Amino acid sequence: MRKFTLALRATCLWFALGGAAVYASAPTPSSDGTNVAKLAEQAPIHWVSVAQIERSLVERPPMAVGFDIDDTVLFSSPGFWRGKKTWSPDSEAYLHNPAFWEKMNNGWDEFSIPKEVARQLIAMHVKRGDSIWFITGRSQTKTETVSKTLQDDFLIPAANMNPVIFAGDQPGQNNKTQWLKAKQIRIFYGDSDSDITAARESEARPIRVLRASNSTYRPLPQAGAMGEEVIVDSEY
């Protein structure tokens, strides 16, 4: 019995010393950690859901609504990433190369991922009978398959669908504004500050869609900083 007691004490001591050694060798914390209050914190901006947007339109007749394309309805970074690697790995010069836009507008959107928020928004507007327009800052090309890709991706009936408008991009000029006015678009969804500005200049209702954090289009915009509505969970 005495031998058993001594053995038990020795075993307990071994575990105690071993545990102390493990505890003593624990790595030094690399951050201050977090808490529930921090995790639950949200920016004090005008958040809205797709359902809230739909309810706000209950008394409104069918209208023309517009969508930006890149980072708004499509996660199209794969095509832009390929273009940059192919034509200008060290600069943004590829964005001014007609060869890139020929590829991007004629097939490379097969690698773009439709955003879930766009599926919900477009389905809601189709149900309302709204006319759907896509207005992009991409350069125009002689041919394009973007319109068909969008129509197929989002199951847009021919009665609601319109050909994509390639507004182009010019320094110091917001080319989308004139198209929003011309098509009498009443709501415009976009991820960039220029989308929100174009909507306001044309007296359309601007609604921000969040740009995905892994988008190649940097820097990420400060959503809500212009006082616009921002759709929750719209980064994907």
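**Note on strand β8 and its surroundings**

1. In this predicted model, I207 has E229 as its bridge partner in β9. Next to that pair, R208 is bridged to V230, again in β9. The two strands, β8 and β9 (residues 229–231), pair in the parallel sense, and 2 bridges connect them.

2. R208 belongs to β8, which spans residues 205–208, and with a relative accessibility of 0% this arginine counts as buried, because the cut-off for that class is under 20%. A polar atom of the R208 side chain lies 3.0 Å from the backbone oxygen of D191.

3. Strand β7 (residues 185–190) is also paired with β8, the two running parallel and being joined by 4 bridges; R205 of β8 is the bridge partner of I187. Between β7 and β8 the chain passes through helix α9 (residues 193–201), and the resulting β-α-β crossover is right-handed. Helix α9 lies across both β7 and β8, and its direction makes an angle of about 165 degrees with β8.

4. Taken as a whole, the sheet is open and consists of 7 strands in the order β1-β9-β8-β7-β2-β5-β6, with parallel pairing. The edge positions are held by β1 (46–48) and β6 (165–166), each of which has a single partner strand, so that one side of each is left without a neighbour in the sheet. Strand β8, by contrast, stands between β9 and β7 in this order.

Conventions: Residues are numbered from 1 along each chain as its sequence is written. This is a predicted model: local features need pLDDT of at least 70, side-chain atom pairs count only at pLDDT 80 or more; totals for chains, interfaces and linings use all residues. Side-chain values use heavy atoms; hydrogens and water are left out. Buried means under 20% relative accessible area, exposed over 50%, partly exposed in between (1.4 Å probe, protein chains only). A polar contact is a pair of N or O atoms within 3.5 Å; within protein, one must be able to donate a hydrogen and the other to accept it, and residues adjacent in sequence count only if both atoms are side-chain atoms. Two strands pair if DSSP finds at least two bridges between them. A crossover is right-handed if, with the strands pointing away from the viewer, the path from the first strand over the helix to the second runs clockwise. Contact means heavy atoms within 4.5 Å. Axes are lines fitted to C-alpha atoms, for helices over the stretch in contact, and angles run from 0 to 180 degrees between N-to-C directions.
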